[in-house]
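Visitor: Got a minute to walk me through this one? I'd like to start with what counts as a contact.

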Amino acid sequence: MPTSKRLASLGNAVFARVDAAKHAYRVQASSSARPDLVDLSIGSSDLRPPTALLETMASAVMDPSSGSYCLQTGLRPLHAAVADWCRHRFDVVVDPEQEVQFLVGSQEGTAHLPLAVLDAGDAALHLDPCYPSHTGGLHLAAARTKALPLSPEQDWRPDLTGLTSSLWDQLKLFVLGYPHNPSARVGDQEDLNQIMATGARHDVVIAHDNPYVDLALDGQPPCLLQAPNWRTSGIEFFSLSKGWCLGGFRLGFAVGAAPVIAALRRTKAVIDFNQSLALQQGAIQALQAFPDWPQQLHPIYRERRDRVVETLTARGWSVPCPEMAMYLWFPLPAAARRQGWSDEDAARELLQRSGVALTPGSGFGAGGRQWLRMALVRPVNELVEAASRLADAMDG
């Protein structure tokens, strides 16, 4: 069966590849003495959301309206809650009608935005490494992609000095996100201010993916809404998946310049009818009644980070201490490099030898080659045991 060229450009997504490897391991482990799988490959939190949110959504599901399609006017209560949250969280006043858009998760927004603002062949810039939906959305829009390489030598911050005026003149869209996934670096507000100011001068849409804004363990996370020029051509994506532990419910939203929000809204109108009103009730309660909930997760993630870094470092691994909760990002252990393994090889071999699933860094772009990402999404004792199993697997 013929398929589109744009489908071929997407390649085989890293999470799909790792998921297939995890399934194969489970099948093998079910009929052998292999240890149970410890899945640290995806940032799906094991922590519980506020119980009241689940109760609210469960109760709302019984209302007949919860099974109805939800068009734009049905989003007004949620958009108002988002506007209130922006004022509480960032001291920024936004128009809930024209500057807010509910999303089926922030990933949906970053993937669909290029369809709304780019024509085929338009130039768009992304970080390398970056979250896969950033490049995936650009490929779907048949954009001419340009990568801004990040490096550990610069602590995974963008080198803006290389972005010439002529390059900015070519661009129509710049997609980035700090706190950064996969490197778990928090980022810098001044970088974002400079990017937004330059984007405004060159009429470039600046799309900032910010689902981890409330999970910075060290430092102050940047926010596009605090950049002076965001209303010119900026849009910022937020999520309840990470801070409120609601990943599977797919609740996110965008806040941005009215023309950019309008373009995204028109694109969404031919793609989906939004999430159920019952789930929206949970999102509203999260923002209104539990706006500071993510802060309660910090001690848990800090202990997980510190204990796992300590465990792996004691076994000779080089593991930079992340500034953001949820992930460790580290180069291949020395033993893997001596064997000539790629990061894909290392992730596969470590899974087979230890039963611990990690994500190969090259799945986030060429800049992630020879790196691995570990999601801190299990209780601390299980994470320490998993770290020990990984180290044993490399020593054996």
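Guide: Sure. Contact here means heavy atoms within 4.5 Å. Bear in mind that this is a predicted model.

Visitor: Okay, so what is Lys22 in contact with, beyond its neighbours within four places in sequence?

Guide: Lys22 touches Leu37, Asp39, Ser41, Leu351 and Ala357. The residue itself belongs to helix 2, residues 14–30.

Visitor: Is Lys22 buried or exposed?

Guide: Buried: its relative accessibility is 6%, and the cut-off for buried is under 20%.

Visitor: Switching to the sheet, what's the strand order?

Guide: It runs 2-8-7-6-5-3-4, an open sheet of seven strands with mixed pairing. Strand 2 (100–103) and strand 4 (144–149) are the edges, each pairing on one side only. From one strand to the next, the twist averages 20°.

Visitor: How do strand 3 and strand 5 pair, parallel or antiparallel?

Guide: Parallel, over four bridges, between residues 123–128 and residues 171–176. Within that pairing, Ala124 has Leu173 of strand 5 as its bridge partner.

Visitor: And which strands does helix 6 lie across?

Guide: Strand 3, strand 4, strand 5 and strand 6 (205–209); helix 6, residues 132–140, runs at about 155° to strand 5.

Visitor: Any aromatics? How many pairs does the structure hold?

Guide: There are 16 aromatic pairs. One of them is Phe15 with Tyr131, tilted, at 6.2 Å centre to centre and 40° between the planes. Phe15 sits in helix 2 and Tyr131 in the loop between strand 3 and helix 6, so this pair ties together parts 116 residues apart in sequence.

Visitor: Which cluster do those two rings belong to?

Guide: Ring pairs link them with Trp156, Trp329, Phe364 and Trp371.

How values were computed. Residues numbered from 1 in each chain as written. Predicted model: local features only at pLDDT ≥ 70, side-chain atom pairs only at ≥ 80, totals over all residues. Heavy atoms only, no water. Pairing = 2+ DSSP bridges. Helix = DSSP H or I, 4+ residues; strand = E, 2+ residues; numbered from the N terminus. Axes fitted to C-alpha atoms, helices over the stretch in contact; angles between N-to-C directions. Buried < 20%, exposed > 50% of the residue type's maximum accessible area, 1.4 Å probe, protein only. Phe/Tyr/Trp six-rings, centres within 6.5 Å; stacked < 30°, edge-to-face > 60°.
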